[in-house]
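The following exercises concern helix packing and the surroundings of individual residues. Each task is followed by a solution in steps.

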Amino acid sequence: MSSEVSPPVSGQTPADSALEKRTLRKVLIRLIPFVIAMYFINYLDRTNIGIAGPGGMNEDLAMNATQFGFAAGIFFFGYLILEVPSNLALHKFGARIWLARILISWGIVAAAMAFVPNHGWLYVLRFLLGVAEAGFFPGIILYLTYWFPTSMRARATALFMLAIPLSSVVGSPLSSWLISSGNTIFENFAGWRFMFVIEGVPAVLLGIMCIFYLTDRPRDAKWLSAEERNWLQSTMDAEEKSKEETFHYPVRRSLLQPRVWALSFVYFGMVYGLYAMSFFLPTIIAGFQESFGVEYSIVEIGLITAIPYVFGALAMYFWSRHGDRTGERVWHVAIPLFVGGVAIPIALYLSSPFTTMIAVTITCMAICAALPTFWPLPQTFLAGAGAAAGLALINSLGNSAGFFAPYITGWLADLTGTQNAGMWVVGAAMVAAGIVTLILRAAPAPDNLDVKLK
C-alpha cells in the first residue's frame, strides 16, 4: 500500500510540510489496513451468495433465478431502513463502539445462513444481515472525514474501497475453494453452508478488535505525538468550520436537499452496475459452458470471476489519485460511468469467452474508478451531523440498487432466457448516472447566494 501523501500546500514552511507528511503517513498506516480488512469481510459476507448460488445453494433450496435475485437483494431492505439512524448513532457514540456492534452482529447472522432449511429462511436471514450491517459503509466514509483533509480524501476513500475488488480477487476463489472443500469433507453438510460459517466468523473477531484498536478522533490518538495530534485536529476542525460557514446543512436540510437526492441517484447508477456484476458474474461465466462449449469447475469459475477485479483495483487507486492531484471531481465520476455503461451490454454479444471477459473487465474498471471519486462530491458541502445524515441517505438510496439490480436481472433472465436484457438495463442505469453527474457539477452555490430551505 502506498503511503504517499499530498504535496505541500502553497505557503507552508518546510517544517509544516514535514509535520503534515509525517502525521498523515502515520494515520494511513494505522487506520487504512484495518478498515480495508473490515470492508473486505463486509463485502464478502454480503456478496458470497453470488458464489453459493451456482455452487449448490440454488439446487439444494430449489430456487430459480428470480428467487435467487430476491434473496440477494432483500438484504438491502433492512440495510436501507436503518442506514441514517445507524450513522447518526456512530456520530454520537463514536466509531469504535458502534462499528464493533455492527461487525459482531453481522458476523453472527452471516454464519447462521449456513443452517437455512429453505429459501424462505434464507430471505429472513438475508434481511437480518442487512439490518445488522446498516451504517457500516457510510460510517467508515464519515470516519475518514475525521482523519483525512480534503486534498487526499479521494485517495483515502479509494484505499478503503480497494476491499471491493480485493474481496472478488481473493474472495471469489476463496469462497469457491471453501465450497469445494466443504463438499469433500462433509457428507451431510453442503459446501456452500461450510463457506457461510467460515466467512462469518472473521467479522465477529474484527468487531472485538475494533474496541481496542480504533480511535474516534485525532485528539484521542495516543499513537500520534502531541504536535501531530494538535496539527491534525486543528486542520480537520478548520475544514469543518469552513464548510459549515459556507454551506449550512444541518440534519433536516441534508435529508431534504434535492442535490443530496440527485447524488443518491448517481450513486444508485454505479451501485446498480456493481451489484449486478457481483451477484451474476459467476452465473454469466458458468453460462459460457453452454454458449461457447467450454467447461469450468466451481473453483475455475471463482478464479475467472476474480480477473476483472484485479484490473478494477488498479483503476480504483490510480484514477482516484489523479482526481486528488488535479482537484477535478465531476468528470472523474462521469467518464467511468459512460465507459462502463457502454461496455457491459456489449460484453454479451461477443463471440468468445476471452473477448467477453475483456468487455466485462472494462466495465469493472469503470465501476471501481467511479466509486471512490464519487464521495468527495457530497463531502464538499456536508459537515458534522449533517454529513452523517446526508452521506447515510446517499448510501441508503444508492444501495437500493442492491435490491433492484439482482432482482430485475434475475427476473429478466427468467423472462427472456438470457442475461442480455438485464445487462442493457445495467448499462442504461450507469449512463443515466453519468448524465446527472454532469448536470449537477461539483458543489452547490454558497448559502449567501443560494435560496435557503425554509
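Axes are lines fitted to C-alpha atoms, for helices over the stretch in contact, and the angles between N-to-C directions run from 0 to 180 degrees. The model examined here is predicted.

**Exercise 1.** Classify the packing of helix 2 against helix 11 and describe the residues of their contact.

*Solution.* Step 1: Helix 2 spans residues 49–60 and helix 11 spans residues 191–213; their axes come within 8 Å and cross at roughly 140 degrees. Step 2: Angles over 145 degrees count as roughly antiparallel and those from 65 to 115 as roughly perpendicular. Helix 2 is therefore oblique to helix 11. Step 3: Helix 2 contributes Ile49, Ala52, Gly55, Gly56, Met57 and Asp60, while helix 11 contributes Trp192, Met195 and Phe196. Step 4: Sorted by character, the residues of this contact comprise 6 nonpolar, 2 polar and 1 charged.

**Exercise 2.** Determine the relative orientation of helix 17 and helix 18, the handedness of their crossing, and the make-up of their contact.

*Solution.* Step 1: The axes of helix 17 and helix 18 (residues 353–374) lie 8 Å apart, at an angle of about 155 degrees. Step 2: The cut-off for roughly antiparallel is an angle over 145 degrees, and the two helices, 17 and 18, are therefore roughly antiparallel to each other. Step 3: Their crossing, that of helix 17 and helix 18, is left-handed. Step 4: The residues of the contact between helix 17 and helix 18 divide into 14 nonpolar, 5 polar and no charged. Step 5: Among them are His332, Pro336 and Gly340 in helix 17, and Ala366, Ala369, Ala370 and Thr373 in helix 18.

**Exercise 3.** Is His332 buried or exposed, and which residues beyond its neighbours within four places in sequence does His332 contact?

*Solution.* Step 1: His332 is located in helix 17, which covers residues 330–347. Step 2: Buried means under 20% relative accessible area; with 6% relative accessibility, His332 therefore counts as buried. Step 3: Outside that sequence window, His332 touches Trp319, His322, Gly323, Thr326, Ala369, Ala370 and Thr373. Step 4: The side chains of His332 and His322 are joined by a polar contact of 2.7 Å. Step 5: Thr373 is 41 residues from His332 along the chain, yet their C-alpha atoms are separated by 6.4 Å.

**Exercise 4.** Characterise the environment of Ala366.

*Solution.* Step 1: Ala366 belongs to helix 18. Step 2: Its relative accessibility is 7%, so Ala366 counts as buried. Step 3: Setting aside neighbours within four places in sequence, Ala366 contacts Pro336 and Gly340. Step 4: Pro336 and Gly340 are among the helix 17 residues that meet helix 18.

Terms used. Residues numbered from 1 in each chain as written. Predicted model: local features only at pLDDT ≥ 70, side-chain atom pairs only at ≥ 80, totals over all residues. Heavy atoms only, no water. Helix = DSSP H or I, 4+ residues; strand = E, 2+ residues; numbered from the N terminus. Buried < 20%, exposed > 50% of the residue type's maximum accessible area, 1.4 Å probe, protein only. Contact = heavy atoms within 4.5 Å. Polar contact = N/O pair within 3.5 Å; in protein donor to acceptor, adjacent residues only side chain to side chain. Parallel < 35°, antiparallel > 145°, perpendicular 65-115°, else oblique. Left-handed = near helix turned anticlockwise from the far one by under 90°. Nonpolar A, V, L, I, M, F, W, Y, C, P; charged D, E, K, R; others polar.
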